[in-house]
Amino acid sequence: MSKITKIFTIISFLFFVAGVKCFLETQSPSADRPGNQHPNPDPAPIRPSEAAASDAVKMGDVPWNGPEASPKGEHWTFDLFTAPTISRDGGNFVAALPWLKKSQSTVNFEVISVARRLYPLRFSGYFAAPTVDGLPSADGGYTFMLRGGAIHESLAVKLGQNLEKYGVEIRKFEEKSAAGETQGYPRLTLFDRSIGREVTLTAAPQYYDALWDIKLRLKAEGKEILLSRTGENFSVGSECYALESVDAEGKLLTFSQKIGKSAQNFSLAVAPPVAENKNPPPKH
């Protein structure tokens, strides 16, 4: 092959390669060419993890209601291993957790005595004003005799008189009822400012309706605690108690103990008196 033929063959091959390249570019346009770009390209597909994150953000904007309060209380729990203590309160059955139960053996005090508080005044008699030469005295009416229970003093009083020492006013006297009955008569009515109501006195001792003389004693120290009314609170060490009710006939007191935010009730009867040793050991 001559030299001219070789040169012509090489030039023809270069033109062929350039033609093939131009043909391929026209069939596969580049994304960089302005004329071939799409005006609204499709967005990239969302992965499942990205979709879950998007949903989580949206759920955070939804308001959630708080949990409903349990009717059993905030600290109610269910113990699957220890059975509750079931007792009877009147006509109802009451279930309590065993570790909240309080009995007389676990309480650090005992009841020594229970009695209604005696009213400090007692009606002991009356007499008419004396006459002089057949004429009644200038005072007129009756004079009433009262006896102070605390210091055993005798008092002579009249209707309308105030006894500042006892905080009472003498208001009314009834010798017998309107029907002529004498049972429970005569009676003297006075107004007691300390309790804000009237009190009727007869020859029989009078007691307060809601006041008591209750004595408790600490088992360890022997110290006494005095209570006078239901609802009264007291402490024994770190334990807090309250007097809930008094059964005067059965000599039974009901207390409550504060445990957390709830209270547990228990009852104590009057403790039997301690027997005295009549034959003490001889002194050495």
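1. How many bridges join strand E16 and strand E17, and in which sense do the two strands pair? The structure is a predicted model, and in it strand E16 (residues 239–247) and strand E17 (residues 252–259) pair in the antiparallel sense over six bridges. One of the residues involved is Asp-247, whose bridge partner in E17 is Leu-252.

2. That pair belongs to an open sheet of four strands, ordered E15-E16-E17-E18, with antiparallel pairing. Strand E15 (233–236) and strand E18 (262–269) stand at the edges; each has a single partner strand, so one side of each is left without a neighbour in the sheet. From one strand to the next, the twist averages 35 degrees.

3. Some overall figures help to place these elements. The protein has 284 residues, and buried residues make up 20% of them. Its secondary structure consists of two helices and 18 strands. About 21800 Å² is exposed, and carbon and sulfur atoms supply 57% of that area. Of the contacts with a separation of 6 or more, 39% are between residues 24 or more positions apart.

4. A further open sheet has three strands in the order E4-E7-E8, and the pairing is again antiparallel. Its edge strands are strand E4 (121–128) and E8, each of which pairs on one side only. Neighbouring strands of this sheet are turned by 25 degrees against each other on average, direction ignored. E4 and strand E7 (residues 142–148) pair over seven bridges in the antiparallel sense. Within this pairing, Arg-122 has Arg-147 in E7 as its bridge partner.

5. Is Tyr-208 buried or exposed? Tyr-208 is part of strand E13 (residues 207–218). Its relative accessibility is 12%, and because buried means under 20%, Tyr-208 counts as buried. Leaving aside residues up to four places away in sequence, Tyr-208 touches Arg-116, Arg-117, Leu-118, Tyr-119, Pro-120, Asp-192 and Ile-195. For one of these, Pro-120, the distance between C-alpha atoms is 9.6 Å, although Pro-120 and Tyr-208 are 88 residues apart along the chain.

6. Strand E13 also takes part in a salt bridge. Arg-117 pairs with Asp-213, with the closest N and O atoms 3.1 Å apart. Arg-117 lies in strand E3 (residues 109–118) and Asp-213 in strand E13, so the salt bridge ties together parts that are 96 residues apart in sequence. Both residues are partly exposed: Arg-117 has a relative accessible area of 27%, and Asp-213 has one of 35%. Arg-117 is thus a residue with two roles in this note, since it also appears among the residues that Tyr-208 touches.

7. How many salt bridges does a search of the whole structure find? The search finds seven. One of them joins the side chains of Lys-165 and Glu-153, at 3.1 Å from N to O. Lys-165 is in the loop between strand E9 (162–163) and strand E10 (168–174), while Glu-153 is in strand E8 (residues 153–157); the two residues are 12 residues apart, and the pair links distant parts of the chain. Lys-165 counts as exposed at 60% relative accessibility, whereas Glu-153 is partly exposed at 21%. Strand E8, where Glu-153 lies, is an edge strand of the three-stranded sheet described above.

8. Arg-171 and Glu-169 also meet through their side chains in a salt bridge, at 3.7 Å from N to O. Arg-171 is partly exposed, with a relative accessible area of 41%. Glu-169 is partly exposed too, at 24%. Glu-198 joins these two residues in a network of salt bridges.

9. Which residues make the nonpolar surface patch of about 330 Å²? The patch is made by Ile-7, Ile-11 and Phe-15. Of these, Ile-11 lies in helix H1 (residues 3–27). Ile-11 has 42% relative accessibility and counts as partly exposed. This value fits its place in the patch, because patches are made of residues with over 30% relative accessible area.

Conventions:
Residues are numbered from 1 along each chain as its sequence is written. This is a predicted model: local features need pLDDT of at least 70, side-chain atom pairs count only at pLDDT 80 or more; totals for chains, interfaces and linings use all residues. Side-chain values use heavy atoms; hydrogens and water are left out. Patches are made of residues with over 30% relative accessible area and no salt bridge: like charges are joined within 9 Å, nonpolar side chains (Val, Leu, Ile, Met, Phe, Trp, Tyr) within 5 Å. Accessible areas come from the Shrake-Rupley method with a 1.4 Å probe; for residues, only the protein chains shown count as cover. A salt bridge is a side-chain nitrogen of Lys or Arg within 4 Å of a carboxyl oxygen of Asp or Glu. Buried means under 20% relative accessible area, exposed over 50%, partly exposed in between (1.4 Å probe, protein chains only). Two strands pair if DSSP finds at least two bridges between them. Axes are lines fitted to C-alpha atoms, for helices over the stretch in contact, and angles run from 0 to 180 degrees between N-to-C directions. Contact means heavy atoms within 4.5 Å.
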